[in-house]
Amino acid sequence: MVKKAELHVHLEGTTTPALVRKMAARNGTTLDPAIFKSDGEFAWTDFWDFLKCYDKAAATILTKDDYRLVTYDYLARCAREDAIYVEMFSSPDHAAEVGMSYADHLEGITAGIDDARAEYGIEGRIIVTCVRHFGASRALKVAQQFVAAPHPYVVGFGMGGDEAQFNPEDFAPAFNLVRDAGYQTTTHAGEFGGPVSIRASLDNLPVSRLGHGVRAIEDTTLLEEIVDRRIPLELCPGSNIATGLYDSREQHPFKALMDAGCVVTLNSDDPPFFATSIGQEYDCAARIYGLTEEELKNITRNALHSGFCDDALKEELLAKI
Ligand code: ADE
Ligand code: ZN
């Protein structure tokens with residue numbers, strides 16, 4: 001089996017309906033039944049409704065041990081699909097919404113990474129993210145917490161959320177603070193925002209990767225720049241189809257971006273919400289885009305080379321491919 005590596009997955013978005021129910025039961029919290037469909041899967045209608053459902057599911061992660069469990073559970077699922085490395089987005093804002101401190105949030109995730117490594121040998125690292133639609137001042141606060149409390153597993157900074165809200169330049173103070181402290185960054189751009197959003201992100205934020213970036217395919221000049229600068233794309237085909245950006249995997253520009261010379265990676269984004277997994281993303285790339293085993297391995301190599309973890313860990317993981 002091809003070894004896999006993932007760079008774009010939202011930890012709070014990895015919780016399965018079963019895990020959400022389990023945490024709600026053990027914490028004695030009441031769940032909004034509207035977040036589930038009759039078949040038990042998450043219920044949402046479009047991208048913006050997904051973000052609301054995601055927030056409600058994330059609000060069931062109440063304690064440090066919940067974060068440990070969510071992290072462990074996700075990494076265990078990945079390891080069973082032959083993933084060797086996962087760089088996961090964590091959201092201190094979502095933790096703060098339920099009254100959890102930045103330190104407890106990270107301690108819980110760290111314990112989950114350690115438990116998964118001990119049992120499965122899989123490695124994990126954290127990218128602390130801000131949420132674009134929560135605004136620039138909250139983003140700056142997350143960045144300030146980030147630089148004030150360096151953590152060995154926290155390797156970078158990122159931004160998710162609704163690209164239609166605010167402008168990338170509004171978040172430059174947060175991103176520059178983190179960059180000046182010596183860290184690499186990534187931002188969601190070119191998902192629902194189109195090529196203009198990618199352009200604005202590259203012009204205003206010190207990012208070394210793009211979350212999605214898929215809609216660079218719509219602008220030849222931008223695409224050429226992304227290829228020339230070797231800016232890795234965190235592509236999430238299953239997510240893009242689930243949220244209605246493309247009608248099918250056949251219509252998704254993954255292969256076109258790869259053939260254009262982009263540094264492409266495969267990612268699951270919010271797997272239980274989008275009925276996908278890192279394993280399924282690789283399987284579909286083989287089946288639908290006709291990728292050979294060596295091409296799939298190169299995608300894993302792309303992910304490891306583009307990771308924000310240290311070089312020693314990269315070398316160790318690259319040797320496993
Ligand atoms: N937060 C969680 N999933 C996201 C996505 N696909 N796009 C933007 N923000 C997100
Ligand atoms: Zn995402």
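## A zinc site and its neighbouring ligand

Around the zinc ion (ligand 2), the 4 donor atoms subtend angles of 88 to 173°, which makes their arrangement irregular. A set of four counts as tetrahedral only if all angles lie between 85 and 135 degrees, and as square planar if opposite donors are over 155 degrees apart and all others between 65 and 115; anything else is irregular. Please keep in mind that this is a predicted model.

Which residues supply those donors? His8, His10 and His188 each coordinate the zinc ion through NE2, and Asp269 does so through OD, at 2.1 to 2.2 Å. Along the chain, the donors follow the spacing H-x1-H-x177-H-x80-D. The pair of His188 and Asp269 links distant parts of the chain, 81 residues apart. His188 belongs to strand S5 (residues 184–189), while Asp269 sits in the loop between strand S8 (264–266) and helix H12 (278–289). Both of these residues are buried.

Now to ligand 1. The residues that surround ligand 1 are His10, Phe47, Phe50, Tyr54, Gly160, Gly161, His188, Glu191, His212, Asp269 and Asp270. Among them, His10, His188 and Asp269 also coordinate the zinc ion. Three acidic side chains place a polar atom at 2.7 Å from a nitrogen atom of ligand 1: Glu191, Asp269 and Asp270. On its own, ligand 1 has 260 Å² of accessible area, and the protein covers 97% of that.

Next, a look at the backbone. Most residues other than glycine have a negative phi. Asp82 has a positive phi of about 70° although it is not a glycine, and its place is in the loop between helix H3 (64–80) and strand S2 (83–90). Ala275 is another residue other than glycine with a positive phi, near 50°. Ala275 lies in the loop between S8 and H12, the loop that also holds Asp269. Is Ala275 buried or exposed? With a relative accessibility of 62%, Ala275 counts as exposed.

Finally, the cysteines. How many disulfides does the structure hold? There are 0. The table shows two of the cysteines, with the closest cysteine sulfur for each.

| Cysteine | Closest cysteine sulfur | Distance between sulfurs | Relative accessible area |
|---|---|---|---|
| Cys78 | Cys236 | 13 Å | 1% |
| Cys130 | Cys236 | 17 Å | 1% |

A disulfide needs two cysteine sulfur atoms within 2.5 Å. The sulfur of Cys78 is therefore too far from that of Cys236 for a bond, and so is the sulfur of Cys130. Cys78 is buried, and Cys130 is buried too.

Methods: Residues numbered from 1 in each chain as written. Chains lettered and ligands numbered in written order. Predicted model: local features only at pLDDT ≥ 70, side-chain atom pairs only at ≥ 80, totals over all residues. Heavy atoms only, no water. Donors = N, O, S within 2.8 Å, 3.2 Å for Na, K, Ca; no water. Tetrahedral: all angles 85-135°; square planar, octahedral: opposite > 155°, others 65-115°. Helix = DSSP H or I, 4+ residues; strand = E, 2+ residues; numbered from the N terminus. Buried < 20%, exposed > 50% of the residue type's maximum accessible area, 1.4 Å probe, protein only. Near = heavy atom within 4 Å. Polar contact = N/O pair within 3.5 Å; in protein donor to acceptor, adjacent residues only side chain to side chain. Areas by Shrake-Rupley, 256 points an atom, 1.4 Å probe, with all protein chains shown as cover.
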